[in-house]
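Please open the structure in your viewer and keep the sequence beside it, since each stop on this tour begins with a selection.

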Amino acid sequence: MFKRFGASIYLGLEDYTISDNLSYLEMLACEGAELVFISAHMPERSSSFAAELKLLLSKARELELKIILDVNKSVFNQMTTFGDIYALRLDYGFDMQEMIEISQSVPCLIELNASTVDKLLLEALKANHLDHKKIRFSFNFYPKEYTGMTYEDVVRITELLRSYKFPVMMFIPSSSCKRPPLYKGLPTIEEHRNLTLTAILADLVILDIEEVVFSDAICNITEIRKLKRIVSDVIELPMELFVRSTKEVEQLLADTHKLRKDQSKYLLRTTTRYQDEIESYHTVEREPFFVTMDNVLYKRYNGEIAICLEKLEKDERVNVIGKLRISGFLLKHLSDSYKIRFTIKGE
């Protein structure tokens with residue numbers, strides 16, 4: 001489960017006034033955020049960037065927030081001070097020798113790109129005796145559609161960095177706001193671009209990333225609070241309801257459920273089995289992601305809740321309640337290690 005969370009702030013853009021950014025900074029601090037990401041090399045930024053950055057750094061110091069400043073080589077060469085910066089993210093244009101020299105000359109941490117890291121780089125860092133405590137890693141985010149990372153690559157790289165004792169930070173998009181110029185979200189993982197925040201947060205429990213930062217701005221307070229309140233042993237699963245609201249459906253949504261240890265390739269069965277007799281309705285063909293509830297025709301299995309993993313035939317004994325709006329990655333990795341709670345999509 002993540003240990004720290006934060007958000008991004010963009011300076012020198014028409015969409016965000018300095019007043020709005022300073023107010024956002026205060027809200028983040030009040031809600032317990034620790035990290036604030038700032039890009040210093042967006043081509044769209046105006047000449048007001050430097051003045052706005054000075055104001056923001058001063059405010060962040062006052063609020064005890066940690067600023068991560070993302071720079072390329074050109075921007076870095078123009079910098080004269082590194083005060084009030086927690087980490088300097090070296091985006092591109094730096095070779096190994098330059099990374100070593102920078103890490104030895106600046107008072108802040110150096111943050112490297114996790115999206116392109118491999119064992120050769122990590123071994124080179126080790127061989128060149130870079131101070132392990134001064135190095136950190138974060139994934140990229142991707143404004144352009146279909147350019148984000150896969151779940152598999154994020155898991156692989158995270159495991160690699162952990163083997164070298166490095167934590168890693170990743171970015172998630174907002175559902176309430178999108179950053180210019182494309183306004184298509186800024187995910188690390190491509191599939192997150194079109195998922196709801198609830199579905200993304202469910203993925204985070206499985207991914208177990210140490211630090212999570214909203215990449216879009218300016219997020220509303222509801223999103224910030226949803227991120228900080230997720231817990232490691234309960235996964236919220238957003239679901240589109242197919243059926244009318246009934247007492248059983250209301251109970252299904254209110255309860256926390258546990259998955260059974262013994263699972264088949266066809267269904268994820270829960271340990272839930274309601275006692276009231278459940279009438280047969282909406283007994284249609286079943287698809288992956290469908291949530292079902294066995295009815296009274298299934299006798300001793302009346303009231304059992306399950307999640308479909310494969311396409312199954314229609315069964316008059318099985319009511320189809322709704323469809324999960326989650327990633328295939330999450331469906332594949334749900335297990336008895338977690339409790340689950342169903343929520344109506346959009347809530």
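A residue is called buried here when its relative accessible area is under 20%, exposed when that value is over 50%, and partly exposed in between. Keep in mind throughout that the model is predicted.

Start by selecting Phe290, which is buried because its relative accessible area is 9%, under the 20% limit. Then add Phe242, which at 31% relative accessibility counts as partly exposed. The ring centres of Phe242 and Phe290 lie 5.2 Å apart with their planes at 80°, so this is an edge-to-face pair. If you colour by position along the chain, you will see that the pair links distant parts of it, for Phe242 belongs to the loop between β9 (234-241) and α9 (247-254), whereas Phe290 is in strand β12 (residues 290-294), 48 residues apart.

How many aromatic pairs are there by the ring-centre rule? The count comes to ten, and one of them joins Tyr10 to Tyr16 in a tilted arrangement, 6.1 Å from centre to centre with 35° between the planes. Tyr10 is buried, with a relative accessible area of 0%, and Tyr16 is buried as well, with 6%. While Tyr10 is on screen, select Arg179, which lies over the face of the Tyr10 ring at 4.8 Å from the ring centre. A further stop of this kind is Tyr298, where the charged end of Arg317 sits over the ring, 3.9 Å from its centre. You may also select Phe37, Phe141 and Phe171, which together form one aromatic cluster.

Next, turn to the interior. In soluble globular proteins, nonpolar side chains tend to be buried together. The largest nonpolar core of this model has 119 residues, and those that touch the most other members are Val71, Leu88, Phe137, Ile172, Leu237, Ile307 and Phe342. Helix α7 (residues 197-207) gives the most to this core, contributing nine residues. Select Leu88 and show what surrounds it: leaving aside residues up to four places away in sequence, Leu88 touches, among others, Leu69, Val71, Phe76, Ile102 and Ile110.

Ile102 leads to the last stop, helix α4 (residues 96-105), whose buried residues are Glu98, Met99, Ile100, Ile102 and Ser103. These buried residues pack against α3 (73-78), β4 (87-90) and β5 (109-113), so it helps to display those three elements alongside the helix. Finally, zoom in on the start of α4, where a side-chain oxygen of Asp95 reaches to within 3.2 Å of the backbone nitrogen of Gln97.

Note on methods: Residues are numbered from 1 along each chain as its sequence is written. This is a predicted model: local features need pLDDT of at least 70, side-chain atom pairs count only at pLDDT 80 or more; totals for chains, interfaces and linings use all residues. Side-chain values use heavy atoms; hydrogens and water are left out. Buried means under 20% relative accessible area, exposed over 50%, partly exposed in between (1.4 Å probe, protein chains only). Helices (H or I, at least four residues) and strands (E, at least two) are DSSP runs, numbered from the N terminus. Contact means heavy atoms within 4.5 Å. A polar contact is a pair of N or O atoms within 3.5 Å; within protein, one must be able to donate a hydrogen and the other to accept it, and residues adjacent in sequence count only if both atoms are side-chain atoms. Rings of Phe, Tyr and Trp (its six-membered ring) pair if their centres lie within 6.5 Å; planes under 30 degrees apart count as stacked, over 60 as edge-to-face and the rest as tilted. A charge sits over a ring if NZ of Lys or CZ of Arg is within 6 Å of the ring centre and within 35 degrees of the ring normal. A nonpolar core is a set of buried Ala, Val, Leu, Ile, Met, Phe, Trp, Tyr and Cys residues joined through side-chain atoms within 4.5 Å.
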